[in-house]
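I opened the notebook to go through one model from its overall make-up down to its sheets and its surface.

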Amino acid sequence: MRTRRDGSTPVPPTPAEPATPSHPPTHAFTPEYLELLAQRDEPVTGSEADVAGPWHLEPHAQGWAVLRQGESLEAGSRPQAVFARKDAARLAAAVLPGTGRRLRYTLGAEADSFWGYPVLDDRQVVGHVQFFDETFLAALNVVDALVSLPGDLAWVIDAAGGLALDHAGKIALGRALA
């Protein structure tokens with residue numbers, strides 16, 4: 001880039017080396033800014049953001065800790081959950097993001113003449129169940145969340161283990177070919 005009439009380009013001064021802190025910061029925002037935000041009401045998306053993750057696992061004295069990405073036991077972070085078995089910790093990492101989402105499916109309060117209790121998606125009937133079964137509906141919403149979030153589905157696949165995936169792979173292939 002020419003900056004002078006004679007066509008020469010001045011050499012810019014060498015910037016001073018940035019100071020490297022002896023301990024890197026633990027957060028991108030200052031405590032004062034976070035305190036200011038804490039004074040406000042959380043937006044409607046706050047509960048979803050609180051559990052959205054992504055999550056990772058770390059060995060813990062009692063088994064396996066489930067922590068948000070960017071957190072660690074070494075840094076003093078408090079785990080969201082701790083499980084004695086790694087497979088249970090993987091499942092927790094898979095379902096946590098879905099616990100903050102708006103539930104897609106709801107159950108009608110009254111049985112209708114078709115089959116039983118209507119299953120609703122955005123107030124539209126999408127199915128029926130014979131009995132008023134909130135546990136079934138909770139499970140349906142968990143699975144809906146898992147298949148909607150590929151990273152969380154990957155946690156479930158990882159938690160399943162090789163034997164279950166071997167059998168599931170054969171079943172899935174058979175269904176795809178049918």
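Before looking at burial I fixed the term: a residue is buried under 20% relative accessible area, exposed over 50% and partly exposed in between, with a 1.4 Å probe and protein chains only. On that basis I found that 23% of the 178 residues of the protein count as buried.

I noted that this is a predicted model, in which local features need pLDDT of at least 70 and side-chain atom pairs count only at pLDDT 80 or more, while totals for chains, interfaces and linings use all residues. Residues are numbered from 1 along each chain as its sequence is written, and side-chain values use heavy atoms, with hydrogens and water left out.

Next I listed the elements, taking helices (H or I, at least four residues) and strands (E, at least two) as DSSP runs numbered from the N terminus. The protein has five helices and six strands, and from the N terminus on they follow the order α-α-β-β-β-α-β-β-β-α-α.

I then turned to the strands, where two strands pair if DSSP finds at least two bridges between them. One open sheet has three strands in the order β1-β2-β3, with antiparallel pairing. Its edges are β1 (55-60) and β3 (81-83), each of which has a single partner strand, so one side of each is left without a neighbour in the sheet. Within this sheet, β2 (residues 63-68) is joined to β3 by three bridges, and I saw Trp 64 standing opposite Phe 83 in β3.

The other entry on sheets concerns three strands in the order β4-β5-β6, which form an open sheet, again with antiparallel pairing. Here β4 (105-107) and β6 (124-129) stand at the edges. Three bridges join β4 to β5 (residues 117-121), and Tyr 105 stands opposite Asp 121 in β5.

Which residues make the nonpolar surface patch? I found Val 143, Val 147, Leu 153, Ile 157 and Leu 165, which together make about 400 Å². Patch residues have over 30% relative accessible area and no salt bridge, with like charges joined within 9 Å and nonpolar side chains (Val, Leu, Ile, Met, Phe, Trp, Tyr) within 5 Å; a salt bridge is a side-chain nitrogen of Lys or Arg within 4 Å of a carboxyl oxygen of Asp or Glu. Areas come from the Shrake-Rupley method with a 1.4 Å probe, and for residues only the protein chains shown count as cover. I noted that α4 (134-148) and α5 (150-177) each supply at least two residues of the patch, and that α5 gives the most, with three. Leu 153 lies in α5, and it counts as partly exposed because its relative accessibility is 33%.
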